[in-house]
Amino acid sequence: MSETISPKPPVEQQQQMVEIPTARTRPTLSQLLRQDLGFLPVMFTLIVIAIYFQATTGGLFLTPRNISNLILQIGEIGIIGLGAALVLLLGEIDLSLAAVATMSAVAMGVLSERMGVGPWEAVLIGILIGAGAGLINGVFIAILRIPSFIVTLAASIGYSGLLLFSLAGDSSLVIHDPTLISLSGTYLSNLVGTGIPIVVILLYIASVLINEVRRRRAGLRTKSVGALAIQIGLVVLLGGGVLVLFNSYLGVPSAAALLILFILLVWLLLVKTGFGRHVYAVGGNIEAARRAGINVVGIRLAVFTMASTLAAIGGILAASRGLSVSSQIDPTLLLNAIASAVIGGVSLFGGQGSVWSIILGALIIGSLENGLDLRSQGTDVKQMIEGAVLLLAVTVDALTRRAQARSRSGR
Amino acid sequence: MAEQVAPVTNGTPRLQLRGISKTYGAVRALTDVSFDVHAGEVVGLVGDNGAGKSTLIKAIAGVGPADEGQFILEGETINITSPTVASKLGIETVYQDLALCDNLDIVSNLFLGHEEHSTWIPRLLRPLNEIKMEKRTIEVLRTLDVKVPSVRTPVSSLSGGQRQSIAVAKTILRNAKVVMLDEPTAALGVAQTKQVLNLIRRLRDQGLAVIVISHNLADVFEVVDTVVVLRLGRKVGTFDVKSTTPEQVIASITGAEFKADVPMDMNGVDLGGSNK
């Protein structure tokens, strides 16, 4: 290699001198399954579940109507799961998400039904209460450095008491306000429901292409045309398929639109901004992040606040769909939210995972709930199965981690 | 103090240490340590366990500031009070744990905490300028002659030598003037050790002042220009590797009597004689 450094060769040449693709050993199938294709086993599981319920419910499961229902169900699980995923990315856990979700919904319900506050104000205050709860978690965890497990467990118990107190002895409160009811259950008009997704997909394609052009201009390695076509084709196919599916029933349900909107926003924040990069860094190696000058305390505060805010939104959607709020926290809500993140591949150990996969995780959890409902199974069976599924997902995550560590040390 | 032989440059040293002392309670960890590092020079800091190597590195890096003494960077007296100050002055340290985020790719690790942004939105929410960062990464890795499968590979899948290289590349990116490497070849295989030694030479060729702490005298003799020996918190010798044998350095490290065999033309040698 050249001895003198001064005459700089053009970047393309430098790139060839630094990046040696042949130095990359061809990944084996099992390595691929642990990395880029990690969603395939989850997808496969989902298909197996769908086929099973389709066969055992006499074809009820895969009707457009039931799928639309299923999407309504997973809207709230997915949004709360998104909050859980954010916290998991830091390598922490938030056990208070379900309690915060329920508390925010109850606050909204009490404000709207008993105090005559307008629906939008009630929703806003409910969300702010959620954000406040998250900030309190964050203060204890990030600033006072108390383990998140204990802080959020204590918060969860405290809030369930507060719930009983604020409903003043009633076990539930029916919501009558038409605006609140319409939050979750409306179907978007064709123009909005089809137009916006198409615009978003077009924007995505444009940004991918522009990025490739700019990379080529900068002399960086670019994707092959085939790979690009596959990437864009997959997104178009998925997006189009989902749109067709929704439109074959009543249209895009607002719960689904909200879920996708929030995932999109969080994804942009995580992948495209410095904030997101720092979240992954703190989850990957907190000491390295601190030494790199990252405001670790600020990141953790922000993430716990965001998680609880998302939980509040999820809780309000659930109240809207269920037409009531209850003083009893749904015992499987927390588990379902965390499970949908973990099943989707967000690691419990921090720093790994994509928020898009939450949709898959939530679909699996939702399908189980929905399918078991169709087969008229009781809460007993449902809870046992869901517990087992979460355990399975966590075990797979832990074993994958260990296998990765082993293959690294063997290098 | 005897004039040091600077193999590559002359003139003002890049970094001068003058009478650095540090105590932990009743323990004197460092006593009156002085030495110079020139630009384009590699200084090896050796000594037995407890000799004060880590304490000295921490003092220079600002992690554990010195109690007494002066640091002079490019002729100007500086006050190193914290790691941030040291880093701003251009003194960067690569610790043994490397401080890399395994889950992030090479580009992200290099720019961690110093990301490049497109400039049109408030700070933390600005979109990252990945293209600019990737370009710069490739430039830096090339100057260090580092080869990787792709700059978008997660750091977790790199070899030990490559990881060391990435940690060092981070310091280059921040325009370091002085780079300190803490045991850079510990726990590396033969080929990877060679890679890291090559990396150290590259740093020197870039005109940086390099301080390497090492237990491995073979490595030290292969790559450094000057060896500074610490024993019980004092500097007991400065050797020019060209005119020294490893045995002499070992004698100095352990404090064994070796004086009789030492040729008198050595530079700035102060063998075992400096006993209290």
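The following conversation goes through some of the terms used for this predicted model of two chains and sets each value against its definition.

Reader: How do you know which residue is meant by a name, and what makes a local feature of this model count?

Author: Residues are numbered from 1 along each chain as its sequence is written, and chains are lettered from A in the order in which they are written. The model is predicted, and local features need pLDDT of at least 70, side-chain atom pairs count only at pLDDT 80 or more, while totals for chains, interfaces and linings use all residues.

Reader: What makes a stretch of chain A a helix or a strand, and how many of each are there?

Author: Helices (H or I, at least four residues) and strands (E, at least two) are DSSP runs, numbered from the N terminus. Chain A comes to 17 helices and two strands, whereas chain B has eight helices and ten strands.

Reader: Why is the packing of α5(A) and α14(A) called oblique?

Author: The axes of helix α5 (residues 97-113) and helix α14 (residues 296-322) of chain A come within 7 Å and cross at roughly 55°. Axes are lines fitted to C-alpha atoms, for helices over the stretch in contact, and angles run from 0 to 180 degrees between N-to-C directions. Angles under 35 degrees count as roughly parallel, over 145 as roughly antiparallel, 65 to 115 as roughly perpendicular and the rest as oblique, so α5(A) is oblique to α14(A).

Reader: What is the handedness of that crossing, and which residues make the contact?

Author: The crossing of α5(A) and α14(A) is right-handed (the near helix is turned clockwise from the far one by less than a right angle, where anticlockwise would make it left-handed). Two residues are in contact if their C-beta atoms, placed from the backbone, lie within 7 Å, and among those that make this contact are A:Leu97, A:Val100 and A:Met108 of α5(A) and A:Ala307, A:Gly314 and A:Ile316 of α14(A). The residues of this contact divide into eleven nonpolar, six polar and no charged, where Ala, Val, Leu, Ile, Met, Phe, Trp, Tyr, Cys and Pro count as nonpolar, Asp, Glu, Lys and Arg as charged, and the others, Gly among them, as polar.

Reader: Why is A:Val355 called buried or exposed?

Author: A residue is buried if 20 or more other C-beta atoms lie within 10 Å of its own, exposed if 12 or fewer, and partly exposed in between, with the C-beta atoms placed from the backbone. A:Val355 has 25 C-beta neighbours inside 10 Å and therefore counts as buried. A:Val355 lies in the loop between α15 (333-343) and α16 (357-374) of chain A, and, leaving aside its neighbours within four places in sequence, its contacts include A:Leu82, A:Ile263 and A:Trp267. In chain A, 39% of the 411 residues count as buried, and in chain B, 49% of the 276 residues do.

Reader: What makes β6 and β10 of chain B edge strands?

Author: Two strands pair if DSSP finds at least two bridges between them. Six strands of chain B form an open sheet with mixed pairing, in the order β6-β7-β8-β3-β9-β10, and the edge strands β6 (91-94) and β10 (234-240) each pair on one side only. Within this sheet, β7 (residues 178-182) and β8 (residues 209-213) run parallel and are joined by five bridges, whereas β9 (residues 226-231) and β10(B) run antiparallel and are joined by six bridges.

Reader: How do you know that β10(B) is largely enclosed?

Author: Six of the seven residues of β10(B) are buried, so this strand is largely enclosed by the rest of the structure. β9(B) and β10(B) form a hairpin with two residues between them, and B:Leu232 in the turn has a positive phi of about 50°.

Reader: Why are B:Asp32 and B:Glu74 called partly exposed?

Author: B:Asp32, in strand β2 of chain B, has 14 other C-beta atoms within 10 Å, so it is partly exposed. B:Glu74, in the loop between β4 (68-73) and β5 (76-78) of chain B, has 16 other C-beta atoms within 10 Å and is therefore partly exposed. Phi is positive in B:Asp32, near 50°, and in B:Glu74, about 50°, although B:Glu74 is not a glycine.

Reader: How many residues of the two chains are in contact, and which helix of chain B gives the most?

Author: In all, 34 residues of chain B are in contact with 37 residues of chain A, and helix α4 (residues 130-143) of chain B gives the most to its side, with eight residues. By class, that side of chain B has 16 nonpolar, eight polar and ten charged residues.
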